[in-house]
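Grab a pencil and try these exercises before you read the solutions. Each one starts with a task and then walks you through it.

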Amino acid sequence: MKEISLNILDVATNSVTADATTVDITVDYEFATDDLSVIIADDGRGMSEDFVKSVTDPFTTTRTTRKVGLGIPLFKDSAELTGGSLEIISKLGVGTTIKAVYKISSIDRMPMGDLADTVTALIGLKESLRFILQYKVDGREFRFDTDEIRAQLDGIPLSNYEVLAFIKEYIEGGINNTNGGLDIL
Amino acid sequence: MKSLAELNAIKQRVQENSNNRKNASDNDIKVVIGMATCGIAAGARPVLNAFIDEVAKRKLQNVIVSQTGCIGMCKYEPIVEVFVPGQPKVTYVKVEPTMVPRIITDHIVNNNVVAEYTIK
Ligand SMILES: Nc1ncnc2c1ncn2[C@@H]1O[C@H](COP(=O)(O)OP(=O)(O)OP(=O)(O)O)[C@@H](O)[C@H]1O
Ligand SMILES: [Mg+2]
């Protein structure tokens, strides 16, 4: 993947497939420790302990259209290549949290890319879900929550193109504000 | 920075438009983009967003852009399926954002399939 935001889209798609009702995405830059944490938490069907152990192996998949699952192995590699790590906490019937830590300054770290596009793509994937994005830079924070948007809309779908265009600009503005004028990749 | 209050104006506009529209959804054209790992890695996200932008720009009320998981033909990704009611499904392969305006104009607006973008 050329951007971390594409890994996020892909891993959050697993949450949608696992029948989550809420997917909570956190992107947190801590420059003091050189850590970029990316956390995707869902309340989907979860995985057993044994399954979690095998899931970073590309030959583990429950999909039926193809024999290998690539999403989690690619996410793990992208973090570990920078000297970071990937951790999965999951419980059957409760949900799954996947946390990747990247070393911000590593030359092997992919840029974040377009997080707003990732959120609008997820809304397109499953309109009825609640998506939350928490974007943090050194303690400053922007929070986006589809429930807050929905509360203003009186039943108009989020996938309405005017609404999507609004959401995209809203998230871009929130991220720029949080970056505080810096070009954070 | 945008404020959530702007959604109110959008809401009113959309509600007025939908009052003027009969038989929504039944006659809608669906554009579906494959967004499993293989699709995403091959560039499906910018294609999806190009469709969303183009539909917004042309104010096409009768087009729904959505996405699905793996369509099962990884080497042809990004794959886009277009469903026009009453017509067979059309599958576009190796789609790039620059191909999107033509698919919209020729196929979705004027009902001429762009044959050169489909599977040979
Ligand atoms: N959030 C989750 N909740 C429940 N199960 C999950 C979750 N994420 C992954 N899994 C399980 O782990 C398997 C492997 O996931 P992975 O993303 O690596 O591959 P895939 O989704 O099967 O295929 P691909 O991502 O390549 O399209 C999935 O098939 C699914 O069974
Ligand atoms: Mg996956």
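What follows is a set of worked exercises on this predicted model.

**Exercise 1. Work out the order of the strands in the open sheet of chain A, and find which strands stand at the edges.**

Step 1: Write down the order. The open sheet has six strands, running S3-S4-S2-S1-S5-S6 in chain A, and the pairing is mixed.

Step 2: Look at the two ends of that list. S3 (85-91) and S6 (140-145) of chain A each have a single partner strand, so one side of each has no neighbour in the sheet.

Step 3: Check the twist. From one strand to the next, it averages 10 degrees.

Step 4: Zoom in on one pair. S3(A) runs antiparallel to S4(A), residues 95-103, and seven bridges connect them. Here A:Leu86 sits opposite A:Ala100 of S4(A). As a reminder, strands of a sheet pair through backbone hydrogen bonds, either parallel or antiparallel.

**Exercise 2. Find which strands helix H4 and helix H6 of chain A touch as they pack on the sheet.**

Step 1: Start with H4(A), residues 115-125. This helix touches S1 (22-30), S5 (130-137) and S6 of chain A. Its direction makes about 170 degrees with that of S5(A).

Step 2: Move on to H6(A), residues 161-179. This one touches S5 and S6 of chain A, and its direction makes about 165 degrees with that of S6(A).

**Exercise 3. Track down the salt bridge of A:Asp145 and say which elements it links.**

Step 1: Find the partner. A:Asp145 forms its salt bridge with A:Arg130, and the closest N and O atoms are 2.6 Å apart. The cut-off for a salt bridge is 4 Å, so this pair counts.

Step 2: Place both residues. A:Asp145 belongs to S6 of chain A and A:Arg130 to S5 of chain A, with the two 15 residues apart.

Step 3: Put the pair in context. Over all chains, the count comes to 21 salt bridges.

**Exercise 4. Describe how chain B meets chain A.**

Step 1: Count the residues. Chain B brings 31 residues to the contact and chain A brings 39.

Step 2: Add the area. About 3,100 Å² is buried between the two chains, and carbon and sulfur atoms give 65% of that.

Step 3: Look for charges and polar contacts. There are four salt bridges between chain B and chain A, including one between the side chains of A:Asp154 and B:Lys11 at 3.8 Å, N to O. Eight residue pairs are in polar contact between the chains.

Step 4: See which parts of chain B take part. H1 (6-19), H2 (37-42), H3 (44-57) and S2 (63-68) of chain B each supply at least two residues to the side that touches chain A. H1(B) gives the largest share, seven residues.

Step 5: Sort that side of chain B by type. You get 17 nonpolar, eight polar and six charged residues.

**Exercise 5. Lay out chain B, then hunt for unusual backbone spots in both chains.**

Step 1: List the elements. Chain B has four helices and four strands, and from the N terminus they run α-β-α-α-β-β-β-α.

Step 2: Recall the usual pattern. Most residues other than glycine have a negative phi, and most peptide bonds are trans.

Step 3: Spot the cis bond. This peptide bond joins B:Glu77 and B:Pro78, with omega about -10 degrees. B:Pro78 lies in the loop between S2 and S3 (80-83) of chain B.

Step 4: Find the positive phi values. A:Asp19 has one of about 60 degrees, in the loop between H1 (4-17) and S1 of chain A. For B:Lys94, phi is near 45 degrees, and this residue lies in the loop between S4 (90-92) and H4 (100-109) of chain B.

Technical notes: Residues are numbered from 1 along each chain as its sequence is written. Chains are lettered from A and ligands numbered from 1 in the order in which they are written. This is a predicted model: local features need pLDDT of at least 70, side-chain atom pairs count only at pLDDT 80 or more; totals for chains, interfaces and linings use all residues. Side-chain values use heavy atoms; hydrogens and water are left out. Contact means heavy atoms within 4.5 Å. Buried area is the accessible area (1.4 Å probe) that two parts lose on being put together, summed over both. A polar contact is a pair of N or O atoms within 3.5 Å; within protein, one must be able to donate a hydrogen and the other to accept it, and residues adjacent in sequence count only if both atoms are side-chain atoms. Ala, Val, Leu, Ile, Met, Phe, Trp, Tyr, Cys and Pro count as nonpolar, Asp, Glu, Lys and Arg as charged, and the others, Gly among them, as polar. Two strands pair if DSSP finds at least two bridges between them. Axes are lines fitted to C-alpha atoms, for helices over the stretch in contact, and angles run from 0 to 180 degrees between N-to-C directions.
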